[in-house]
Amino acid sequence: MPLRDLYLLSPEISIVGVAFIIIMLDLWIERKGLLPILTIVLLGLPLGFTISLWGTEEQAFDGVLVVDTFSIFFKVLLIGVVTAVVIASQETAARFRRFQGEYYGLLLMATAGLMLMAATRELITIYLSLELSTLSAIALVAFFKDTRSTESGLKYLVLSGVSSAIMLYGMAMVLGVTGTSSLVEIAKAAPVSSLADNPALLLGVVFIVAGFGFKIASFPFQMWVPDVYQGAPTPVTAYLSVASKAAGFAVLLRVFYLAFGDFSSDWSMLFGVLAVISMSLGNFAAIFQTDIKRLLAYSTIAHAGYILIGLAAVASRVPGGEAFGPQGVLFYLTAYAFTNLGAFFVVIAIANKIGSETIDDFAGMSKRSPLLAGLLALCLVSLIGVPPAVGFWAKLYLFNAAVQADMVWLAIAGAINTAISAFYYLRVIKVMYLSPAPTEERVRLTPPIGLAVAMTTTGVLFFGIAPWFLLDFAIRATSGFPG
Amino acid sequence: MHVGTGASIAFWIMAVVAVVSASGVILLKDIFRAALLLVVSFLSIAGIFVTLNADFIAAVQVLIYAGAISILLIFAILLTRDVQEGNPSNRLKIPGMFMGAVLLTALIVVFVNTEWRLSTEAPLDSTTAALADLLFSNKFVLAFEIASVLLLAAMIGAVVLARGEDE
Amino acid sequence: MPVDRLATGCQPLGFWDGMGLWEQWGINFFPRLGDTMCRAMGGATPGGIPDWLIFAILGLAGAFAVVNVAMLGVPYVILLERKLLGRFQHRVGPNRVGFFGLLQPMADGIKLMTKEDITPRVADKLVFSLAPLVFVVPVLLMFAPLPWAPHAVLADLDVGILYIVAVTSAAEIGVFMGGWSSNNKFSLFGAMRVVALVVSYEIPLVLAIVGVVMLTGSLNLAAIVEGQRFVPNLLWQPLGFIVFMIAVSAELNRAPFDLLEADSELVSGFHTEYSGMKWGVIQIGEYAAIIGFSGIIATLFLSGWKGPAPMPGYLWFVLKMGMIISGFIWVRATIPRLRVDQIMNLGWKFLLPLALINIFVTAGEILAYPDGLPVWLIPVNFAFAAIVVAVAARLLGIQGQPRQVVPAPPVFETMASS
């Protein structure tokens, strides 16, 4: 193993190292409030390594680990997300007397797993990275150990186990047909030109999609989302909804473009159907929710559906030119990260003060805290996809990709769903602005969560006004794709 | 690869035992007996590994599954209250069985109709060293290291979740 | 594993040259017979008896022989234990039946077989009856890859030592079955204590083997014996030996780890409800495990069938086994039983770190001297082992006054109190 390989792996090594350091420091540090600050400071290390690798196009470990702009894009995104979540977690984690270090450590280890998912090209390694992130996340989901949190953890554990089993079965079938677990070699070794000619390969691909579908919370593995999101500590919910989805899409893009790129016409239809079902299901179910976390959970299923459009729109790739689909996916994931994290952080800020996550208890929030109400409204508007916010551009790019790929029906389905989703997002805004407040008590923003809210909502607004900064990165990240 | 008669006989015995005991696991009402049948299933799968010349995997299968996982499973059963009542009946039994049957049919159809890539190489005489060489080769060492971090994360998670109620 | 791995099929020409008649036909009776049969059939030619049938017949016959060796050893190990314990306690031990009490085991056996076999009315009868078998079969399986002398192996497995660790771990399922199906709380507590114990001590047990395996570069037991060219592994692996001995004592549920049948607390643990020959079978399992593990210790650390004086290999092997068994009995007569929490602390905080240190140090030594370790490392290793054990023991609080009373974890409290 040459040293160069270790350097290429340095973001992951350093983030796991930071996790160790935080867990060990927890044993000695008396003032636990220092732990998140130290975590954020030390996160500069993996971020620095990641950025220093920007622009390199290299492979390590016999091609298993690939460092390209695509993986760097996701690593920066994931480190950003975990930083924001750490900032926002402070009040939640302060509730424990012990195990605060473990909380941050597990967050970082989950991130390491997700970063590896975005950067590896070999099925076994991908699977292990996925399990690393999932197992850490399970412990985080059940961290409170109260009835709801434990139930969430248990559901997450059992269902992730089932989906992992299905995915492994699929991988085993692909291995049985192609004789290799490396994505590049699978593409070379695939014996047929169409998936329909080889039933095992077809079933294997379907099973793999099902397994990753769990990570991105799309149909048919969406049923865990509402319960788990509701019971988990809210920062962890925010983390799961954004980070695990981003890495899941990264690995889906990588696997399908790289290993099964020749069969794109087969799976693009599969993803199209899954996209429509996911978004319709998520949006319709979200209408009836009374709990804001459950509402955001169903909305996350819907958004997984929108992003799947980008995967389905593989034919939008002009030969030698731009790949609108993957670009749209990357743009959407980043936009969604800012928006959804923002929404969740505002919910944390409000819920920590009023002690409730029911939508009706947000009544009159515009009076009690105009700033928070305004920011939540901004995030919700962005989730709908209305112009001043970044969500608008994200949807525009994706729907455009669908049209370019001659899948107009997907764009239409997306548009109809956007209209449906507007109903329940706007209902929250209506409650906040038009319903009378039960008390006049002000809801104040405390510094750490305020910083997190500021970071994310600034992003929503900034990239909403100047989307080309982000788009430029997304284009560069997918330029060498599939790499 | 030519499969000898003895290996075939062994395979069929193991396969039938594995399937029958696995069905027992889900059909029996007594959880403890179900867990014991799970052990039988694990052991027969280890036997199938032996017929495949995968002796190291077979030993590991017995060590990890029959020796550790199933024991922890039984341990958990013994610590559970009201275990005498057995498995509660399930509303979804019929749909579950139907889905299982559909999946089974699909898998059989797929497996029969697929041209699998069969290895033409002779089975290794000793698999242990070859496995180690592969596992620590440049290609899989990353997966190996991820697995160790994964186990560490699982351990930390378990410690966190096993903390006392008062903290 | 291929057929010839069991050393029962056709051997290559010249395989038997240079072996004495005794080795050819005495120790290697079944391999030799298999070879002869195989040649008589003209190899595995079509029309003759098929290869797999020879394999099956000879395998079964060989298994029968080895199992009987183990089974016949058990009564005399029990007798040895009773005699030695008597001496340790200034008694004589059994001396009435036969010369020096040599027929005592026979008398005990007859007594057991004629005793009434009681099954509790509320027991889960099927599981209750199967439990002794599930307990004893893995122990007997353990004897298959043990090399008694050069080539005298029933199954010359490549993964020999791993196989042994694997099958012995399955014996605990029998303990569980017995404890659960008796429908008796003492049995259940006994069974749960065993599992807590075995799960904890299996880890240092396996890790202690790793050092030996690294020195040899093979999991095959015969290769491990061959690998101990001039000196036994004990000299290179003192730390591993200590850890392995302690872990084996725990795995065997021998004193001082015999809390599963702590008679003052649990009557006699998981086999409280057993009587007659079912109890006898459990007893056979326990003592056969002692014989088997002594064989493994002799193989791993004391160079198996080899010895400094010209004596047949199997005699050396049996001699070493006898020494180790006597050691176990000595320990039983000397050291008082540990408490549950002390046992857990010893396993996790003492043995596990020691085993890991042993692996690191051994790996370092092999890395530094890939062509064979120099002799001066032997005293260094012993000194190092002594220092590490002393330091670890002090950290654990075994030496000197106990610093604090560690409250037992809740799970064990429920186990100990009823």
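How many residues of domain 1 of chain B are in contact with domain 2 of chain B? Four residues of domain 1 of chain B meet four residues of domain 2 of chain B. By class, the side of domain 1 of chain B that touches domain 2 of chain B has three nonpolar residues, one charged residue and no polar ones. Domain 1 covers residues 5-135 of chain B, and domain 2 covers residues 136-167. Their C-alpha centres lie 25 Å apart. Please keep in mind as you read on that this is a predicted model.

**Chain A as a whole**

Let us turn to chain A, which holds 20 helices and two strands. Its C-alpha atoms fill a box of roughly 70 × 55 × 40 Å, taken along the principal axes. The radius of gyration of chain A is 21 Å, which agrees with the value near 23 Å that a compact globule of 483 residues would have. Of the 483 residues in chain A, 63% are buried. If you look at contacts in chain A between residues at least 6 apart in sequence, 79% join residues at least 24 apart.

A single residue gives a good feel for this chain. A:Ser14 sits in helix α2 of chain A. Is A:Ser14 buried or exposed? A:Ser14 counts as buried because 22 other C-beta atoms lie within 10 Å, and the cut-off for a buried residue is 20 or more. Leaving aside residues up to four places away in sequence, A:Ser14 touches A:Leu45, A:Pro46 and A:Phe49. One of these, A:Pro46, is 32 residues from A:Ser14 in sequence, yet the two are 5.4 Å apart in space, C-alpha to C-alpha.

**Where the chains meet**

Chain B has contacts with chain A and with chain C, and the table sets out the residues on each side.

| Pair | Residues on one side | Residues on the other side |
|---|---|---|
| Chains A and B | 39 residues of chain A | 25 residues of chain B |
| Chains B and C | 23 residues of chain B | 26 residues of chain C |

On the side of chain A that touches chain B, at least two residues each come from α2 (10-28), α5 (100-119), α6 (123-141), α7 (147-178) and α9 (199-216) of chain A. The most come from α6(A), with ten residues. By class, this side of chain A has 25 nonpolar, eight polar and six charged residues.

Which elements of chain B give two or more residues to the side that touches chain C? They are α1 (5-27), α2 (31-51) and α3 (55-79) of chain B. Here α3(B) gives the most, with 13 residues. The residues on this side of chain B divide into 14 nonpolar, seven polar and two charged.

**A kinked helix in chain C**

Finally, have a look at helix α15 of chain C, residues 340-368. At 1.5 Å a residue, its 29 residues should span 42 Å, and the end C-alpha atoms are 41 Å apart, which agrees. Where does α15(C) have its kink of about 30 degrees? The kink lies at C:Leu351, shortly before the proline C:Pro353. C:Leu351 is also one of the buried residues of α15(C). Others include C:Val340, C:Ile343, C:Leu346 and C:Gly347, and further along the helix C:Leu354, C:Ala355, C:Asn358 and C:Thr362. An α-helix has 3.6 residues a turn, so residues three or four places apart point the same way.

Definitions and conventions:
Residues numbered from 1 in each chain as written. Chains lettered and ligands numbered in written order. Predicted model: local features only at pLDDT ≥ 70, side-chain atom pairs only at ≥ 80, totals over all residues. Contact = placed C-beta atoms within 7 Å. Helix = DSSP H or I, 4+ residues; strand = E, 2+ residues; numbered from the N terminus. Nonpolar A, V, L, I, M, F, W, Y, C, P; charged D, E, K, R; others polar. Rg over C-alpha atoms; globule rule 2.2 N^0.38 Å. Buried ≥ 20, exposed ≤ 12 C-beta atoms within 10 Å, placed from the backbone. Expected span 1.5 Å × (residues − 1). Bend = angle between axes of the 7 residues up to and from the residue. Domains from an automatic or database assignment.
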